[in-house]
Amino acid sequence: MNNTQHVKIVVADPSSLGLFGLAMVTFVASTQKLGITTGLSFVIPWAIFLGAFAQLMAASLDFKHNNIFGATAFAGYAFFWFSVAACWLIKLGVFGQALMNGIDMGQLGFGFIGYLIFSLFMTIGSMETNKVLFIIFVLIDVLLAMLALDAFGAAHWAHAVAGYTELAISLFSFYGSAAVVLNHHFGRAFLPTGKPFGIFK
């Protein structure tokens, strides 16, 4: 007689970690765009370890939750920050003069447009999560549009708008991360995040 046993591994909600990673990298990066700090050298570690690795860890745990939306969002933006950090390293000449001399900002601009397409359909999905997350996605849409304009040199003001948008993403992400932690910890809506719009579900 064969007895089949199913073992269920309980995994905590990783969105608090993913949102914290997003909050940290956008907080530090926004200061550079707004002229509060200068250079990229000390932005890169936050991009790699918080923007990329923290969100990638959250994504892997969301896959275990069978949460395809959360996993795709965190993994997608994790690889965004890996890519941006690599672009900054190339710009700083870390990988050699040949790569630095071969930079075409248009390629970066098209990368931002590609991520804007990704972000737009993820924004639609976020409408059925909560309003804080929806606001974060809308702000990410604006950020990517501004980064694309800046990369193409189409608007001189886009860089500053991107900085303020990035700062707003950071603040909402800090709040979202805190809400996940404290709401789970206290077993009630300690920090409200707003109900889903209820349009598609």
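The following exercises, each with a worked solution, concern a predicted model of one protein chain.

**Exercise 1. The chain as a whole**

Determine how many helices and strands the chain has, and describe its extent and burial.

Solution. Begin with the elements: the chain has seven helices and zero strands. Read from the N terminus, their order is therefore α-α-α-α-α-α-α, given that helices and strands are numbered from that end. Next, consider the extent: along its principal axes, the C-alpha trace spans about 70 × 40 × 30 Å. Of the 201 residues, 42% count as buried. Finally, take the contacts with a separation of 6 or more: 69% of them join residues 24 or more positions apart.

**Exercise 2. Helix H5**

Compare the expected span of helix H5 with the distance between its end C-alpha atoms, then state what its buried residues pack against.

Solution. Helix H5 covers residues 105–126, which is 22 residues. The expected span is 1.5 Å times one less than the number of residues, so a span of 32 Å should result for H5. The end C-alpha atoms of H5 are 30 Å apart, which agrees. At the N-terminal end, aspartate 104 acts as a cap, with a side-chain oxygen 2.9 Å from the backbone nitrogen of glycine 106. Gly106 is itself one of the buried residues of H5, which also include Gly109, Phe112, Leu116 and Phe118. Further along, Ser119, Met122, Thr123 and Ser126 are among the buried residues too. The buried residues of H5 pack against helix H3 (68–91) and helix H6 (131–152).

**Exercise 3. Helix H6 and its two ends**

Carry out the span check for H6 and describe the residues that flank this helix.

Solution. H6 has 22 residues, and at 1.5 Å a residue it should span 32 Å. Its end C-alpha atoms are 32 Å apart, which agrees. Before the helix, asparagine 130 caps the N-terminal end: a side-chain oxygen lies 3.1 Å from the backbone nitrogen of valine 132. After the helix comes glycine 153, whose phi is positive, near 70 degrees.

**Exercise 4. The largest cavity**

Give the volume of the largest cavity and classify the residues that line it.

Solution. A search of the whole structure finds one cavity of 30 Å³ or more. The largest cavity holds about 80 Å³ of space. Its lining consists of Leu22, Thr26, Tyr77, Phe80, Trp81, Ile140, Leu143, Leu144 and Ile169. Helix H1 (15–33), H3 and H6 each supply at least two of these residues. By class, the lining has eight nonpolar residues, one polar residue and no charged residue.

**Exercise 5. Threonine 26**

Decide whether threonine 26 is buried or exposed, and identify its contacts.

Solution. Threonine 26 is located in helix H1. Its relative accessible area is 1%, so threonine 26 is buried, the cut-off being under 20%. Its side chain reaches the backbone oxygen of leucine 22 at 2.7 Å. Apart from neighbours within four places in sequence, threonine 26 is in contact with Trp81, Glu166, Ile169 and Ser170. Among these partners, Trp81 and Ile169 also line the largest cavity, as does threonine 26.

**Exercise 6. Asparagine 66**

Locate asparagine 66 and decide whether it is buried or exposed.

Solution. Asparagine 66 lies in the loop between helix H2 (44–64) and H3. Its phi is near 60 degrees, a positive value in a residue other than glycine. With a relative accessibility of 71%, asparagine 66 counts as exposed, because the cut-off is over 50%.

Conventions
Residues numbered from 1 in each chain as written. Heavy atoms only, no water. Helix = DSSP H or I, 4+ residues; strand = E, 2+ residues; numbered from the N terminus. Buried < 20%, exposed > 50% of the residue type's maximum accessible area, 1.4 Å probe, protein only. Contact = heavy atoms within 4.5 Å. Polar contact = N/O pair within 3.5 Å; in protein donor to acceptor, adjacent residues only side chain to side chain. 1 Å grid on protein atoms, 1.4 Å probe; cavity = no way out; pocket = protein on both sides within 12 Å on 5 of 7 lines; lining within 4 Å. Points joined across faces, edges and corners; volume = space filled by probe spheres on them. Nonpolar A, V, L, I, M, F, W, Y, C, P; charged D, E, K, R; others polar.
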